[in-house]
Amino acid sequence: MIPRALLSFARWSLYVTVAALPLYTVRWSYGPVPTTLLETLILVTVAAYVVARWREGVRRPVATPFDIPIIALLAAGAVSVVVAVDNRDALGLYRAYFVEPIALFYVAADLLRREEVVRRLLLAFAVGSSAFALLNLGVFYEALAVNRVLVGAAPNALYGDANYVAMYLEPPFAMGAAFLMLSRDLKWKLAGAAWTLVTGAALVLTFSKGAYLALFGLLALIVVTVPRWRVALVAVVMAAALAATQVPLLMARMQTIASSVDGRVQVFGNAFEVIRQHPLFGVGLAGYTYSFRGAMSEIYPHDIWLTFWVEVGIVGLAAFAFIYFAVQWRGWRLWPATEGLWRTALWGSLGALLMWFVHGVVDSPYWKNDMSVEFWILVALVLVARRAEVRGQQELEVTRVAVVADRPLSTVG
């Protein structure tokens with residue numbers, strides 16, 4: 001009974017952790033060791049799971065198709081701690097961005113075996129992300145009421161940077177859209193509509209141009225994979241175009257596109273110079289910095305692939321790229337054969353990762369505590385959907401064989 005109770009506790013702790021991703025901003029220290037509320041939730045979840053499985057006699061994590069690239073990514077991260085200028089800061093990032101999220105991935109890959117468990121996880125994700133979106137909408141309204149909205153530094157809650165808010169909200173927005181479009185259950189379709197509306201409104205009001213680019217990427221995906229929504233998408237695009245030319249704040253933000261392109265060119269150029277000087281191992285975690293236009297300190301190259309290269313070296317970049325593209329390849333090959341919740345969760349996960357791919361051209365998704373956990377939870381959802389489909393095919397084959405075996409010999413063949 002004790003292992004079973006601990007596993008049940010680990011599942012509920014996993015739900016709470018996914019709901020509480022923005023709470024990495026709640027920080028304190030145990031002596032010289034800094035921590036966050038999110039980290040504490042992750043450690044509690046992983047510890048409960050490990051003890052439960054250990055009591056059952058399980059001594060190793062569940063096997064996944066990504067074990068080798070994950071080992072390579074962790075090894076590259078460990079090397080990046082050694083080569084970093086500040087080993088203490090680098091170790092903290094290694095723990096927060098790689099070790100703990102990957103540990104949670106293995107927990108999720110094992111615990112998310114049943115449809116009702118996945119449903120509860122996604123409900124927790126919806127509740128947590130919607131609450132955070134509403135909090136951001138409230139902060140925006142307060143700033144708007146006193147005419148203090150700066151489109152270059154949009155009002156936001158907890159994170160201190162609207163771009164971080166936008167990148168966190170993209171996966172829940174994609175998942176909400178999946179429930180809205182694909183769910184056959186009316187109450188879940190309505191829940192998806194509410195989830196999409198709340199996170200979408202907060203996402204737009206971050207004034208993140210990378211998020212706008214990611215939204216158009218998701219719209220293109222919908223056109224290709226969910227054609228019955230094409231008419232609705234035309235209306236959405238027309239409304240967005242009208243808003244961009246009529247709403248003063250959006251117009252002001254769009255006028256900064258040329259400046260942003262020029263700025264990205266400068267940052268990318270500096271990143272390539274750093275890579276030229278440190279092509280194998282990069283500069284280590286927390287090792288990159290660039291004084292943008294002599295005034296603003298940039299800690300990442302504003303491109304997800306360049307960030308991986310400069311932070312964890314070419315091996316880390318290759319390992320992450322393999323995991324990302326393998327997940328997309330496996331997921332989209334599987335998607336046409338899925339049904340029900342698995343179909344919805346799979347599309348939402350793949351759509352979320354696509355949004356990050358598009359946004360990652362001009363920024364660095366993954367490189368925060370919340371986003372690194374989001375990434376690995378999305379990978380776990382794709383993995384368990386594949387496993388559920390294989391299990392369903394096996395059960396169908398067993399049923400077919402049993403039916404054939406029960407038929408009279410004269411009717412067989």
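**Figure 1. Helix α2 in the predicted model, with its length and its buried residues**. Helix α2 contains 19 residues, which at 1.5 Å a residue should span 27 Å; the end C-alpha atoms of α2 are 27 Å apart, so the expected and modelled values agree. The buried residues of α2 are Leu-38, Glu-39, Leu-41, Ile-42, Thr-45, Val-46, Ala-48, Tyr-49, Ala-52 and Arg-53. Gly-57 follows the helix and has a positive phi, near 95°.

**Figure 2. Pro-3 of helix α1 and its contacts**. Pro-3 belongs to helix α1, which covers residues 2-19. The relative accessibility of Pro-3 is 15%; because buried means under 20%, Pro-3 counts as buried. Leaving aside residues up to four places away in sequence, Pro-3 touches Ala-52, Arg-55 and Glu-56. Ala-52 is itself one of the buried residues of α2. Another buried residue of that helix is Arg-53; 50 residues separate Pro-3 from Arg-53 in sequence, whereas their C-alpha atoms are 6.8 Å apart in space.

**Figure 3. The second largest pocket and the elements that line it**. This pocket holds about 490 Å³ of space. Its lining consists of 23 residues, and those nearest the pocket centre are Arg-27, Pro-34, Gly-92, Leu-93 and Arg-95. At least two lining residues come from each of β1 (27-30), β2 (33-36), α2 (37-55), α4 (87-111) and α14 (369-406). Helix α4 provides the largest share, 9 residues. Sorted by class, the lining comprises 12 nonpolar, 4 polar and 7 charged residues.

**Figure 4. The largest cavity, with a lining to which α14 gives the most**. The structure as a whole has 4 cavities of 30 Å³ or more, and the largest cavity contains about 80 Å³ of space. The residues around the largest cavity are Val-18, Leu-21, Leu-121, Leu-122, Phe-125, Pro-171, Val-373, Glu-374, Ile-377, Leu-378 and Leu-381. Helices α5 (115-145) and α14 each contribute at least two residues to this lining, and the contribution of α14 amounts to 5 residues. By class, 10 residues of the lining are nonpolar, none is polar and 1 is charged.

**Figure 5. The second largest cavity and its lining from α12 and α14**. The volume of the second largest cavity is about 60 Å³. Around this cavity lie Phe-66, Val-327, Arg-330, Gly-331, Leu-334, Val-379, Val-382, Leu-383 and Arg-386. Helix α12 (304-334) and helix α14 each supply at least two of the lining residues. The lining divides into 6 nonpolar residues, 1 polar residue and 2 charged residues.

**Figure 6. Two loop residues, His-302 and Tyr-366, with positive phi**. His-302 is not a glycine, yet its phi is positive, about 60°. The residue is located in the loop that lies between β4 (296-298) and α12. His-302 has a relative accessible area of 13% and is therefore buried. Tyr-366, likewise a residue other than glycine, has a positive phi near 90°. Its place is the loop between α13 (340-359) and α14. With a relative accessible area of 0%, Tyr-366 is buried.

**Figure 7. Confidence of the predicted model, including helix α14 and two low-scoring stretches**. The chain has a mean pLDDT of 92, and 93% of its residues reach 70 or more. Among the elements of the chain, helix α3 (residues 67-83) has the highest mean pLDDT, 98, and α14 the lowest, 75. In residues 401-405 the pLDDT is below 50, and this stretch makes 1 contact in the model beyond near neighbours in sequence. Residues 409-413 also stay under a pLDDT of 50; the model has 2 contacts for them beyond four places in sequence.

Methods: Residues are numbered from 1 along each chain as its sequence is written. This is a predicted model: local features need pLDDT of at least 70, side-chain atom pairs count only at pLDDT 80 or more; totals for chains, interfaces and linings use all residues. Side-chain values use heavy atoms; hydrogens and water are left out. On a 1 Å grid over the protein atoms alone, a cavity is a set of points where a 1.4 Å probe fits but cannot get out, and a pocket is an open set with protein on both sides within 12 Å along at least five of seven lines; lining residues have an atom within 4 Å of a point. Grid points are joined across faces, edges and corners, and a volume is the space filled by probe spheres set on the points. Helices (H or I, at least four residues) and strands (E, at least two) are DSSP runs, numbered from the N terminus. Ala, Val, Leu, Ile, Met, Phe, Trp, Tyr, Cys and Pro count as nonpolar, Asp, Glu, Lys and Arg as charged, and the others, Gly among them, as polar. Buried means under 20% relative accessible area, exposed over 50%, partly exposed in between (1.4 Å probe, protein chains only). Contact means heavy atoms within 4.5 Å. pLDDT is the predictor's confidence in each residue, from 0 to 100. The expected span of a helix is 1.5 Å times one less than its number of residues.
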